[in-house]
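Me: I would like to see the reasoning behind a few structural labels. Take me through them one at a time, please.

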Amino acid sequence: MKDGTTIEVGETASSTPKEKAELFVDLFGSAYPSQIPEDCRFQSVINSKMSDSCPNVLNEPITTEEIDKCLLKSKSRPVGIQLIHNSMLRNLSKRNKCHLRQLFNILLSSGHVPDQWKQSIVIPLQQKSQRPIHLPPNIAHVLPVQQAGFRRGSCTADHIIQLETDIKLSFTKRQSTVSVFLDLAKVYDTVWAQGLLFKSARLGITGPTLTWIKEFITGRGMCVRIGDQESQFKTIENGVLQRAVLTPILFNIMLSDFPSHQSPTKTLLYADDVTLYTTTRSPADAEITLQPALDKIYRWSRKWKFNFAPEKSSTIEQVTKHCQNLKKLFTIIANTKHGPPIQTILLLSKSLVRSKIDFGLIAYGNASKTNLEKINVVCKSIVRNILGSRKFTPTEMLYAESCLEAIAVRRGWLTSKYIINLGHKPNNPMYKKARKLYFYPDLYPARSSPCLATTMEKIKSLDLDTFSDITPLPSHHSYPPPSRPPECRTWWFPLSKKSAMECEARIVSTFNSLLAEQPGSTLCGYTDGSKSSNNITTCAAVFPAIDVIEAWTLRKDSSVFPAELQAINQALRFVYNMENSLHAVTIFIDSSPAIKVITSVDPAKNEAITDIRELIGSLKSSGTRTTLAWIPSHVGIEGKVLADKRATLESLNQSVLTLDNNLSPNEKLSIIRKSWAVDYLASLKKCQKRSIQTMSSLKPREWHRHKNRKIAICLHWLRAGHHYLNSFAQRINPENDPSCRLGCQAIENSQHVLLACPVNEHYHLEFRLFLAEKNLEANLDNLLGLNTSVSIQTQIRIRDLLAKFLAKT
């Protein structure tokens, strides 16, 4: 905000930064409700729960592992009042992290929050609303909590698709669907502090944790900074910090008792967005069922001090308008003389344009082709501006050169990704509807098929078990809270793999000495996973002390990481099935991610992880202590070498031991991605341009890029055949002269300019000599990087020589 600009509010005029800061702090402070009468009954429950001394897992001491995990996930944010950046906290030494843990535990047990943690700096930004953006101290974000974020495994697309599916179902019954969309206004700013504490207490949050939360959300203050001037701090009585890790959880607690309704009225709730809809014979009948539900929601909002904002929505027209505005931005960037290279601008386009289109595309992509083409036209225009393409360049050429795709193609991939992930989330609200659609697609006529139907048929053709015939049973494994250590121990070799590869003899000696320190009653095993060039995935487990060497072949298309997990699973299963119980077992593994995911408290995405956790728990119950130990691979450790050889041998000579493992979501998506890429590449190759016909995959060819944008555009013109040479100008206007502009009588085309024009002969010499040195013919395919048999290094060198020629001529 410029100095000297006067701001007038009512009869008050502010011109200096200090006056403006004081003006804004009063303005922003009015966004938070104040002077809300206290409820004596609520306060009685809160006081009783804060003094409750019954054991509660939430009140257990914070561990160093929790702090490490939270610091690892912390983002780079602006510093607050304490001037402590998250990167400073992430780089603390072990000793300082212990001090940080002690500090957190003292604050948690005493229920105290330092005053500086509750003070925020607000920097005014020009926007439509008057909601302040806080800069709270970063150290307040690090305090670990047991849960974080919104509901795991759910996203906004779930409700959009669920509503679309129900609408299509009502079409099949000749019924109407009437929806009401509500948006809670400024939910974080207007959270009633006492009501939040009451609901937290009713949900089982007691003792020091409840006391700490009370301290965290009450007695806060904020000031406004303009330039180097700050206002006085203003006290905030209600609301929660918008950027604190704890805030989404507190908000979910506040909405935990949102009113539910009986069929046929349905409620979809995501954060502060509420969708209420019902299906009736005629739209007029919807008032009978929706009005009582709306009255119930209104009474709930009045009780808990919430207000509803005017309708906010996003339509295809708004998406198109947004893309048109971005088109102006990319036109300016692309025409800047000293601007970024094309690849950087394309990356920016993916971040700004494609991200906007992707949101809700699975559902709105089922709209009419006329509406979708409006977005397609704008997107193609943006790509043309970025690539510098001429108006007549084929659309397929634009997509091939930019590594982008049309909306319909993009939607196919996003829908496949959504369906595969949904098939592994039985608790997702959309799971049952999608599963029913998967097995009974005939319930919907062709004209009323939901947005997932077409892609589901494609997935079925790939023979992927997306939705199980039988609903999976819940796991018996109970996830320990983060404050408790995992049920198995972990051990890490003292040297990294890079250091280990430098001196194998030293590594073997070090490992043998460490192995000798193991108790004599400990059984040591080694596991390994492998994948051969013929796409066969195997795993092996070795127990040298008892002469056990076993190997298994996994299901086709399994990747190496699940093979590592299956090897651990089979090794532990072997130990569990032994007649005599062991005192301890140690499994040596060369995959550190496998150990980390097994010992994590996060839900498993692979069935082998769940089985391993259950086996570790069962072994612990029978008195066997399990240790997962990481050792570097391929350094001569005997047991590891045996496991590696056995897994490799199994891929060549498969035994009868096969594992009917289910593919993980990532493995299924890999199969679908390959199929999707093949189909998309085939659709691009309908264009007969040589540049597209020589494509073997959708990956960008490095030698087609250049850091100089003008050179990159010239190369693109030459590959596309749509350039500013006279031969192409005559194709556009037959009256134009196609002869060479340098005085030659030959037609001015790519072949002539790059290879045959006598005026440029001395410029041709350098790359002609290079082509002759590499035994390559001097033709357009070799010059423009369209000969796929040439090595990458040679292609890049030819590109650089051609760029040098273009720059000189």
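Reply: Start with helix α22, residues 560-576. Note that this is a predicted model.

Me: How do you know that the span of α22 agrees with its number of residues?

Reply: Set the expected span against the computed one. At 1.5 Å a residue, its 17 residues should span 24 Å. The end C-alpha atoms lie 24 Å apart, so the two agree.

Me: What makes α22 largely enclosed by the rest of the structure?

Reply: Buried means under 20% relative accessible area. Twelve of the 17 residues of α22 are buried, so the helix is largely enclosed. Among them are Pro 562, Ala 563, Glu 564, Leu 572 and Val 575.

Me: Why is Leu 348 called partly exposed?

Reply: Its relative accessibility is 32%. Buried is under 20% and exposed is over 50%. The value falls in between, so Leu 348 counts as partly exposed. This residue sits in helix α13, residues 342-358.

Me: Which residues form a nonpolar patch on the surface with Leu 348?

Reply: Leu 329 and Leu 352 do. Together the three have about 200 Å² of accessible area. A patch residue needs over 30% relative accessible area, and Leu 348 has 32%.

Me: How many cavities of 30 Å³ or more does a search of the whole structure find?

Reply: Four. The largest holds about 210 Å³ of space. It is lined by 17 residues, and Arg 354, Ile 357, Cys 379, Leu 404 and Glu 405 are the closest to its centre.

Me: Which element gives the most to that lining?

Reply: α13, with six residues. α15 (369-387) and α17 (407-422) also give two or more residues each.

Conventions. Residues numbered from 1 in each chain as written. Predicted model: local features only at pLDDT ≥ 70, side-chain atom pairs only at ≥ 80, totals over all residues. Heavy atoms only, no water. Helix = DSSP H or I, 4+ residues; strand = E, 2+ residues; numbered from the N terminus. Expected span 1.5 Å × (residues − 1). Buried < 20%, exposed > 50% of the residue type's maximum accessible area, 1.4 Å probe, protein only. Patch = residues over 30% accessible without salt bridge, like charges linked within 9 Å, V, L, I, M, F, W, Y side chains within 5 Å. Areas by Shrake-Rupley, 256 points an atom, 1.4 Å probe, with all protein chains shown as cover. Salt bridge = Lys/Arg side-chain N within 4 Å of Asp/Glu carboxyl O. 1 Å grid on protein atoms, 1.4 Å probe; cavity = no way out; pocket = protein on both sides within 12 Å on 5 of 7 lines; lining within 4 Å. Points joined across faces, edges and corners; volume = space filled by probe spheres on them.
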